[in-house]
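Colleague: I have a few "how do you know that" questions about this fold. Could we go through them with the structure open?

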Amino acid sequence: MKDLEKLMDMENQISDIIRGDNGNYANFIYSQKDDTHNIKVITRNKISREFFLLVSMSGSTPLDALSKSLDWLKLHKTQYNSYTVMWTKIPDGVPNKSYFWAKDMREVMDKFYDGKDDSLYKIFEIKQNPIE
């Protein structure tokens, strides 16, 4: 029960940071392969209502993976680059803008397309934002 309380506390901390930063909510997807526990922290763009991967971490326990996700969230603005992605969902054609923190454009695309059918989305532009 203690681990469950810690897990829920960390999920709440992550959710509070995300909500305070951009008004979005976090969702947590847990999985396990052999002895490795994985977590994906997913956010939902409040305008387009699309889901995007914020961070994915692995650990020896769900708590370990979640702890690494929280550490990433606390440090990401000093260790990663900010990107703006202009995109549309096919066949909507409605232009959308989403923001990502990543080490490079390849990681941005991986986060954008995570869990999606690539053929339903068109990216117009990915640009690295100026360092503040």
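Colleague: Which residue in β2 does Asn27 stand opposite?

Modeller: Asn27 stands opposite Ile42 in β2. Please keep in mind throughout that this is a predicted model.

Colleague: What makes β1 and β2 a pair of strands?

Modeller: Two strands count as paired if there are at least two bridges between them. Eight bridges join β1 to β2, which run antiparallel, so the pair meets that cut-off. The two strands form a hairpin with two residues between them. In that turn, Asp34 has a positive phi of about 55°.

Colleague: How do you know that β2 also pairs with β3?

Modeller: By the same kind of test. β2 and β3 pair in the antiparallel sense over eight bridges, and the cut-off is at least two bridges. Across this pair, Asn38 stands opposite Ser58 in β3.

Colleague: Why are β1 and β3 called edge strands?

Modeller: Each of them pairs on one side only. The open sheet has the order β1-β2-β3, with antiparallel pairing. From one strand to the next, the twist averages 20°.

Colleague: What lies across these strands?

Modeller: Helix α1 lies across β1, β2 and β3, running at about 135° to β1. Helix α2 lies across β1, β2 and β3 too, running at about 125° to β3.

Colleague: Why is Ser15 called buried?

Modeller: Ser15 has 11% relative accessibility, and buried means under 20%. Therefore Ser15 counts as buried. Ser15 lies in helix α1. Leaving out residues up to four places away in sequence, Ser15 touches Ala26 and Phe28.

Colleague: What makes a group of residues a nonpolar core, and which residues have the most contacts inside the largest one here?

Modeller: The members have to be buried residues of the nonpolar kinds, joined through side-chain atoms within 4.5 Å. The largest such core has 16 residues, and those with the most contacts inside it are Ile14, Ile18, Phe28, Val41 and Leu66. At least two residues of this core come from each of α1 (2-22), β1 (26-33), β2 (36-44), β3 (51-59) and α2 (62-79). The largest share, six residues, comes from α2. Apart from this core lies another, of eleven residues, among them Phe52, Ala102, Tyr113 and Tyr121. As general background, nonpolar side chains tend to be buried together in soluble globular proteins.

Colleague: Which residues is Ile18 in contact with, leaving aside its neighbours within four places in sequence?

Modeller: Ile18 is in contact with Gly23, Asn24, Ala26, Val41, Thr43, Leu54 and Leu73. Here contact means heavy atoms within 4.5 Å.

Colleague: Let's move along the chain. How do you know that β4 and β6 pair?

Modeller: Strand β4 (residues 81-89) is joined to β6 by seven bridges, and the two run antiparallel. The requirement is at least two bridges, so they count as a pair. One of the bridge partners in β6 is Lys127, which is matched with Thr84.

Colleague: What is the strand order of the open sheet that holds β4?

Modeller: The order is β5-β4-β6, with antiparallel pairing. Its edge strands are β5 (96-102) and β6 (121-128), each pairing on one side only. Neighbouring strands of this sheet are turned by 25° against each other on average, direction ignored. Helix α3 (residues 105-113) lies across β4, β5 and β6, running at about 145° to β6.

Colleague: Is Ile126 buried or exposed, and why?

Modeller: The relative accessible area of Ile126 is 18%, and the cut-off for buried is under 20%, so Ile126 is buried. Ile126 lies in strand β6. Not counting residues up to four places away in sequence, Ile126 touches Tyr83, Thr84, Val85, Met105, Val108 and Met109. The C-alpha atoms of Ile126 and Phe100 are separated by 9.9 Å, with the two residues 26 apart along the chain.

Colleague: Finally, which residues lie nearest the centre of the largest pocket?

Modeller: Asp21, Asn22, Tyr99, Phe100 and Trp101 lie nearest its centre, and the lining has 29 residues. The volume of this pocket is about 810 Å³. The elements giving two or more residues to the lining are α1, β3, α2, β4 and β5. The largest share, five residues, comes from β5.

Note on methods. Residues numbered from 1 in each chain as written. Predicted model: local features only at pLDDT ≥ 70, side-chain atom pairs only at ≥ 80, totals over all residues. Heavy atoms only, no water. Buried < 20%, exposed > 50% of the residue type's maximum accessible area, 1.4 Å probe, protein only. Helix = DSSP H or I, 4+ residues; strand = E, 2+ residues; numbered from the N terminus. Axes fitted to C-alpha atoms, helices over the stretch in contact; angles between N-to-C directions. 1 Å grid on protein atoms, 1.4 Å probe; cavity = no way out; pocket = protein on both sides within 12 Å on 5 of 7 lines; lining within 4 Å. Points joined across faces, edges and corners; volume = space filled by probe spheres on them.
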